[in-house]
Amino acid sequence: MKHTISVLVENKFGVLARIAGLFSARGYNIASLAVSETMDPAISYLTMVIDAEDEKILEQIKKQLNKLIDVITVTDFTKKGHIDRELILVKVGCSARDKARLEGILAKTSAKIIQRSDNAAIIEMTGDQEEIMSLLDGLKQLGIKELARSGRIAIPKE
């Protein structure tokens, strides 16, 4: 099962490497990772998606994270009310005759064309994982040339 975890850390050199090393040493995989400064430039907000088969593994991960000296807090969003989003940029093949088909695919989503040429279009979308996957499935018929995808970010509802 995939779990979304946020970690507030001191914004110092090597913190991300220590967190990645913790996962690597124990054979855990980070499926998604997004990191940025908070309103306080001395603190960073990390959001990770971790594939943990059972609760014991997840608890072990959280305990190990909390032991790291630069970690301030660890929050598991899996069972809490939260909002999560990803950003994608997709370049698809799109000739003039494909324009109507592309617009039909985009009309079902919140995606938008941010750049267009004679034979390609770059599309931007922010959404949850299901929305992103739905768009990508639709765009496959046009031919996805490139895909850039951010890690998931999350925030509690309350």
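**Architecture, strand pairing and internal packing of the predicted model**

Of the contacts in the protein chain with a separation of 6 or more, 72% are accounted for by residues 24 or more positions apart. The structure analysed here is a predicted model. Four helices and nine strands are assigned in the protein chain, and from the N terminus on these elements follow the order β-α-β-β-α-β-β-α-β-β-α-β-β. The C-alpha trace spans about 60 × 35 × 35 Å along its principal axes. Of the 158 residues in the protein chain, 34% are buried.

Strand β1, comprising residues 2–10, is paired with two other strands. With β3 (residues 43–51), β1 runs antiparallel and is joined by nine bridges; within this pairing, I50 of β3 stands opposite H3. With β4 (residues 71–76), β1 also pairs in the antiparallel sense, here over five bridges. In this second pairing, V71 of β4 is the bridge partner of V9. In a regular strand, side chains alternate between the two faces of the sheet.

Residue V71 also appears in the description of the internal space, as one of the residues that line the largest cavity. A search of the whole structure returns one cavity of 30 Å³ or more, and the space in the largest cavity amounts to about 30 Å³. The lining is formed by V15, R18, I19, L68, D70 and V71. Helix α1 (residues 15–26) provides the largest share of this lining, with three residues. By residue class, the lining consists of four nonpolar and two charged residues, with no polar residue.

Helix α3, which covers residues 99–107, has L102, I105 and L106 as its buried residues. These three residues lie on the same side of α3, because the arc that they cover around the axis is only 95 degrees. This arrangement accords with helical periodicity: an α-helix has 3.6 residues a turn, so residues three or four places apart point the same way. The face of α3 turned away from the buried side carries A100 and A107, which are exposed. The buried residues of α3 are covered by elements that include the strands β5 (82–93), β6 (112–116) and β7 (120–127), together with helix α4 (129–139).

Technical notes: Residues are numbered from 1 along each chain as its sequence is written. This is a predicted model: local features need pLDDT of at least 70, side-chain atom pairs count only at pLDDT 80 or more; totals for chains, interfaces and linings use all residues. Side-chain values use heavy atoms; hydrogens and water are left out. Two strands pair if DSSP finds at least two bridges between them. On a 1 Å grid over the protein atoms alone, a cavity is a set of points where a 1.4 Å probe fits but cannot get out, and a pocket is an open set with protein on both sides within 12 Å along at least five of seven lines; lining residues have an atom within 4 Å of a point. Grid points are joined across faces, edges and corners, and a volume is the space filled by probe spheres set on the points. Ala, Val, Leu, Ile, Met, Phe, Trp, Tyr, Cys and Pro count as nonpolar, Asp, Glu, Lys and Arg as charged, and the others, Gly among them, as polar. Buried means under 20% relative accessible area, exposed over 50%, partly exposed in between (1.4 Å probe, protein chains only). The arc is that of the directions from the helix axis to the C-beta atoms. Contact means heavy atoms within 4.5 Å.
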